[in-house]
Amino acid sequence: MPHDNLILSEIKKAIRKFADSSMVDLDDHFLHKFEFQVFKLEDVLRDTSRNIPPNKWSYYRIGLIKKGSGEFTTGIYKFKATKNTLVVIPARLISSSRNWSLDLEAYLILFNMDFFLQNNIPHQYIESKRILSSSVQPYIHLTVEQAAKIAGIFEIMLRENQRNDSHKAELIALKIVELLILSERLFEEELHLETNLPVV
């Protein structure tokens, strides 16, 4: 889609332009606003230094690494993202990544609350997801089966985004909700996020 290619081009320009910056607020540097984007991360990093400078943005970002690796700093967390790592970056949280391998294969979505409002999903529902909080560890490592299920959701979003019909945004919004529900369940299992209730 032409608009998607324009956004992708702007992201790549920002990565190159601010490569040596100590921190950039990306909201101040994007001419074309959007509510949702889905990419393959290798396309975002093509023709760049393969390092994403420290930045904050008003978009929530969710990524799944299928192959290859990179080093993340997100809030207080530093970690290596390798095959089957699921990463969730809350809006306005400072994040950076570097040393992405040349064999990288990964998915990335960006979305804001307006996207859900436009598709009749209350923003309170999205904001209630604990994985979108800056206080939660922003990554987990998935099993092969879990990663395949998450990858399937990303693939549907990529395909839908190429369609030219009036229902695609609504379906993508529902797929993001599915991704959030499944991701929250996986984070809860891995990180034991559930509140421990007293034994009576």
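In what sense do strand 5 and strand 6 pair, and over how many bridges? In this predicted model, strand 5 (residues 70-74) runs antiparallel to strand 6, and the two are joined over five bridges; within this pairing, Glu71 has Lys80 of strand 6 as its bridge partner. Both strands belong to an open sheet of five strands, ordered 1-3-8-5-6 with mixed pairing. Strand 1 (24-25) and strand 6 (77-81) form the edges, and because each has a single partner strand, one side of each is left without a neighbour in the sheet.

The salt bridges come to eight, and three of them are set out below.

| Salt bridge | N to O distance | Citation |
|---|---|---|
| Asp25 and Arg92 | 2.9 Å | |
| Asp43 and Arg46 | 2.7 Å | |
| Glu160 and Arg163 | 3.8 Å | |

Asp25 lies in strand 1 and Arg92 in the loop between strand 7 and strand 8 (95-98), so their salt bridge ties together parts that are 67 residues apart in sequence. Asp25 is buried at 17% relative accessibility, whereas Arg92 is partly exposed at 35%, and both are linked with Asp27 in a network of salt bridges. Glu160 is likewise buried, at 14%, while Arg163 is partly exposed at 43%.

Turning to the nonpolar interior, the largest core holds 36 residues, of which Ile109, Phe111, Met157 and Ile176 touch the most other members. Its largest share, nine residues, is supplied by helix 6. Beyond its neighbours within four places in sequence, Phe111 is in contact with residues including Phe36, Tyr60, Ile176 and Leu180. A separate core of 29 residues includes Phe34, Ile65, Phe72 and Leu108.

Key. Residues are numbered from 1 along each chain as its sequence is written. This is a predicted model: local features need pLDDT of at least 70, side-chain atom pairs count only at pLDDT 80 or more; totals for chains, interfaces and linings use all residues. Side-chain values use heavy atoms; hydrogens and water are left out. A nonpolar core is a set of buried Ala, Val, Leu, Ile, Met, Phe, Trp, Tyr and Cys residues joined through side-chain atoms within 4.5 Å. Buried means under 20% relative accessible area, exposed over 50%, partly exposed in between (1.4 Å probe, protein chains only). Helices (H or I, at least four residues) and strands (E, at least two) are DSSP runs, numbered from the N terminus. Contact means heavy atoms within 4.5 Å. Two strands pair if DSSP finds at least two bridges between them. A salt bridge is a side-chain nitrogen of Lys or Arg within 4 Å of a carboxyl oxygen of Asp or Glu.
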